[in-house]
Amino acid sequence: PPPGLLYKRVLLKISGEALMGQRDYGLEPATVNRVAKEVKTVHELGVECCLVIGGGNIFRGIAGASEGMQRASADYMGMLATVMNALAMQNALEQLGVDTRVLSAIPMQTVCEPYIRRRAVRHLEKGRVVIFAAGTGNPYFTTDTAAALRASEMGCEALLKGTKVDGVYSADPKVHKDAERYQQLSHQDVLARDLKVMDATAIALARDNAIPIIVFSVHTPGMMAEVLQDRGRFTVIG
Ligand code: UDP
């Protein structure tokens with residue numbers, strides 16, 4: 001890793017909802033720009049950055065399915081939603097002067113590149129930020145699992161999970177004032193205690209590929225860089 005940093009290559013997972021800001025739906029440009037600035041700061045430190053962005057701010061497959069759509073079709077709509085978010089993030093990063101490529105698990109040649117593992121690695125080596133869109137390309141999965149999968153494929157040293165809170169707590173800190181924040185947990189702890197960090201498929205994949213998951217707050221400015229410098233508040237799962 002570059003001097004003073006924990007890792008050389010990381011993958012940042014942010015949910016679609018983290019880009020909603022104060023809105024109930026869709027994207028808030030100011031929030032997208034703020035997250036893009038965080039990524040730029042980390043990128044400028046010399047860290048190779050991958051991004052996976054969810055789609056829950058636009059469409060959630062299971063919600064569509066429960067309203068009578070076939071689950072697989074609803075999930076494809078969810079995956080398409082992540083492509084929209086990826087394009088918004090690419091735009092914000094490029095306006096900040098950061099070279100960015102979007103690679104989609106569902107080929108969409110006129111919109112972005114198809115996901116090809118070796119090509120993605122090459123982009124990272126050239127110093128581009130790579131955004132993985134359309135999740136895993138498969139229904140019945142989530143973008144959390146896509147994040148664990150792409151982090152494994154790219155040889156990322158850590159999966160950074162940006163959330164609304166600054167780590168994993170024993171209970172919801174917004175409800176229980178005495179909830180305790182964990183400094184360190186194992187993947188197995190998270191699975192066994194069913195802690196709501198990421199879905200079980202994602203946690204198991206990260207565990208099997210020995211990738212630590214770092215849970216931190218995306219709402220605290222500068223926190224992503226601080227985490228990578230081993231400062232600040234976060235929980236390490238690994
Ligand atoms: N999705 C899917 N396969 C994937 C990734 C996502 O089918 O590999 C669909 C699924 O319907 C999901 C939606 O896309 O509900 C949005 O993704 P996710 O819920 O993970 O987004 P987030 O909660 O992170 O915003």
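This is a short chat about the sheet, two of the helices and the ligand shell in a predicted model.

Q: What order do the strands of the sheet come in?
A: The order is β4-β3-β5-β2-β1-β6-β8-β9-β7, nine strands in an open sheet with mixed pairing.

Q: Which strands stand at the edges, and why is one side of each left without a neighbour?
A: They are β4 (113-114) and β7 (184-185). Each has a single partner strand, so one side has no neighbour in the sheet.

Q: How do β1 and β2 run, and how many bridges join them?
A: Strands β1 (residues 9-14) and β2 (residues 48-53) run parallel, joined by six bridges.

Q: What is the bridge partner of Leu 11 in β2?
A: Cys 50.

Q: OK, helices. Which strands does α4 touch?
A: Helix α4 (residues 117-125) packs on the sheet and touches β1, β2, β3 (100-104), β4 and β5 (129-133). The direction of α4 makes about 150 degrees with that of β5.

Q: And α5? What angle does its direction make with that of β1?
A: About 175 degrees. Helix α5 (residues 143-153) also packs on the sheet, where it touches β1, β2, β5 and β6 (158-163).

Q: Switching to the ligand. How many residues surround it, and which are closest?
A: There are 23 around the ligand, and the closest are Gly 54, Gly 56, Gly 61, Gly 78 and Gly 135.

Q: Which elements give two or more residues to that shell?
A: Those are α2 (61-66), α3 (71-95) and α5. Helix α3 gives the most, with five residues.

Q: What does the shell look like by class?
A: The shell around the ligand has 13 polar, six nonpolar and four charged residues.

Notes
Residues are numbered from 1 along each chain as its sequence is written. This is a predicted model: local features need pLDDT of at least 70, side-chain atom pairs count only at pLDDT 80 or more; totals for chains, interfaces and linings use all residues. Two strands pair if DSSP finds at least two bridges between them. Helices (H or I, at least four residues) and strands (E, at least two) are DSSP runs, numbered from the N terminus. Two residues are in contact if their C-beta atoms, placed from the backbone, lie within 7 Å. Axes are lines fitted to C-alpha atoms, for helices over the stretch in contact, and angles run from 0 to 180 degrees between N-to-C directions. A residue is near a molecule or strand if its C-beta atom, placed from the backbone, lies within 6 Å of it. Ala, Val, Leu, Ile, Met, Phe, Trp, Tyr, Cys and Pro count as nonpolar, Asp, Glu, Lys and Arg as charged, and the others, Gly among them, as polar.
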